[in-house]
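Got a minute to walk through a fold together? Here is the structure, followed by some questions and answers on it.

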Amino acid sequence: MPFRPRYTGLIENYRDRLPVSDDTRLISLGEGNTPLLKLENIPGLIGKNVDLYIKYEGLNPTGSFKDRGMTMAVTKAVEAGSKAIICASTGNTSAAAAAYAARAGITAFVLIPDGKIALGKLAQAMMHGATVIQIKGNFDEGMQLVKDVAKEAPVTIVNSINPYRLQGQKTAAFEIVEELGEAPDYHCLPVGNAGNITAHWIGYSEYACKAGDKVTESCAYCDGDCKFAKGVVGSKRPKMVGYQAAGSAPFMRGGMVDDPETVATAIRIGHPQSWEKAWIVKEESGGWFDECTDDAILAAQKLLAEKEGIFCEPASAASLAGALNDIATGKIPEGSTVVCTLTGHGLKDPDVAIQQSTAPMVTVDATLGAVREAILNNMAK
Ligand code: AN7
């Protein structure tokens, strides 16, 4: 007999809160159940008394939060008899789609912007056997093409316009509430298509509301009689705060951006697919959107790696960059409990990491003397 049940993924874990039935074949890679790490050094460095937590979604099987949505989307696609899935992607969705399609034994087509996705993500899509279609255009153009081609071809779209994606992703909020005992005061996320911020709000809302309540207009299932709304904790929900890269910030511009640009290629998105939903989330939660420069994003990525030992990709660091700014100005007051989602692992984008690293690296002769000297010279650092 095992000492404890084997963790077999988020659908199994939250079966009663997700749209699956007893005989649904689950397509899972053991996603979810990611660490909620409390930052131990950074709050002191910035001289602020805040409980700052990191939800480390980079520790999902393919290295990003997309696995939460993909396990649901692919499970439902297979249940419906689909033999092929398709997505447009800035990289992480394509990696997850490729892996879950491989697991399910179906075909994946991924449209990616030529030359604009991080190397690790490209390696994943290729290694898992997806058909990679590089388009000479950006994510937004790819997304439109996916919508158009899916009208003609027998493929299931697994971008976050597929409502099962948000259903899977809402479970991250469940995990946070379960571990903290209540919702945090603020939940900060990087925003691209705004699917994830919407999914988190659905998750928090379902844990806060009772059946019969209509707690969020952003949820496709919230019809006032949601079977998932069980109200396991008090009615507290966090203020949802979404941070965008300054060069790709349609929520700050108040309209679509046609030529998005940022070092954080994962959120190089100008036409967010969950535009209306995310505005509802902002209104209902009392949160806000803000933007971070590329420099601030990279500085936060480095700070986290050097001072806490946590490695995330640039896009993910937007949540911390933005939160640190809002904590510094007092918009997020001292005494608050703050959760920042780190959406993807740092290993996804080794190029940007190496380019901006200033850690001492020396090449020396393979002798004891040379190595001793290298150590003594760098001891103080
Ligand atoms: C690391 O993979 O859109 O606001 O095609 O990879 O839910 O879009 C990725 C998005 C944040 C933004 N952080 O989430 C894709 C894709 C990382 C990401 C986002 C993405 P949404």
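Q: Which residue of S2 does Leu-36 stand opposite?
A: This is a predicted model, so keep that in mind throughout. S1 and S2 (residues 51-56) pair in the antiparallel sense, over three bridges. Within that pairing, the residue across from Leu-36 is Lys-55.

Q: And which residue of S2 is opposite Lys-38?
A: We're still on the S1 and S2 pair, which is antiparallel. Leu-36 is already matched with Lys-55. Lys-38, for its part, faces Tyr-53.

Q: Is S2 largely enclosed or largely open?
A: A residue counts as buried when its relative accessible area is under 20%. Five of the six residues of S2 pass that test, so the rest of the structure leaves this strand largely enclosed.

Q: Which residue in S10 stands opposite Ile-54?
A: Strands of a sheet pair through backbone hydrogen bonds, either parallel or antiparallel. S2 and S10 (residues 337-342) run parallel and are joined by six bridges. Opposite Ile-54 in S10 you'll find Cys-340.

Q: What are the edge strands of the open sheet?
A: The sheet has six strands with mixed pairing, in the order S1-S2-S10-S7-S8-S9. An edge strand here pairs on one side only, and that description fits S1 and S9 (288-292).

Q: By how many degrees are neighbouring strands of this sheet turned against each other on average?
A: Take the order S1-S2-S10-S7-S8-S9 and go from neighbour to neighbour. With direction ignored, the average turn is 25 degrees.

Q: What is the bridge partner of Gly-242 in S9?
A: S8 (residues 239-245) is joined to S7 by five bridges, and the two run parallel; there, Gly-242 is the partner of Leu-189. S8 and S9 also run parallel, again with five bridges. On that S9 side, the partner of Gly-242 is Phe-289.

Q: How many of the seven residues of S8 are buried?
A: S8 is joined by bridges to S7 and also to S9. The strand is mostly covered, and its buried residues number six.

Q: Is Ala-194 buried or exposed?
A: Most residues other than glycine have a negative phi, and most peptide bonds are trans. Ala-194 goes the other way, with a positive phi of about 70 degrees. Its place is the loop between S7 (186-190) and H9. Its relative accessible area is 4%, so this residue is buried.

Q: What is the relative accessible area of Asn-33?
A: Asn-33 also has a positive phi, about 60 degrees, without being a glycine. It lies in the loop between H1 (10-13) and S1 (36-38). Asn-33 is partly exposed, with a value of 48%.

Q: How far apart are the end C-alpha atoms of H9?
A: H9 (residues 195-208) is mostly covered, with 14 of its 14 residues buried. At 1.5 Å a residue, those 14 residues should span 20 Å, and the model agrees: the ends are apart by 20 Å.

Q: Which helix supplies the largest share of the lining of the largest pocket?
A: The largest pocket has a volume of about 160 Å³, and its lining divides into four nonpolar, four polar and two charged residues. Among the lining residues are Gln-301, Phe-311 and Thr-358. Both H12 (294-308) and H14 (350-356) supply at least two residues. The largest share, four residues, comes from H12.

Definitions and conventions:
Residues numbered from 1 in each chain as written. Predicted model: local features only at pLDDT ≥ 70, side-chain atom pairs only at ≥ 80, totals over all residues. Heavy atoms only, no water. Expected span 1.5 Å × (residues − 1). Buried < 20%, exposed > 50% of the residue type's maximum accessible area, 1.4 Å probe, protein only. 1 Å grid on protein atoms, 1.4 Å probe; cavity = no way out; pocket = protein on both sides within 12 Å on 5 of 7 lines; lining within 4 Å. Points joined across faces, edges and corners; volume = space filled by probe spheres on them. Nonpolar A, V, L, I, M, F, W, Y, C, P; charged D, E, K, R; others polar. Pairing = 2+ DSSP bridges. Axes fitted to C-alpha atoms, helices over the stretch in contact; angles between N-to-C directions.
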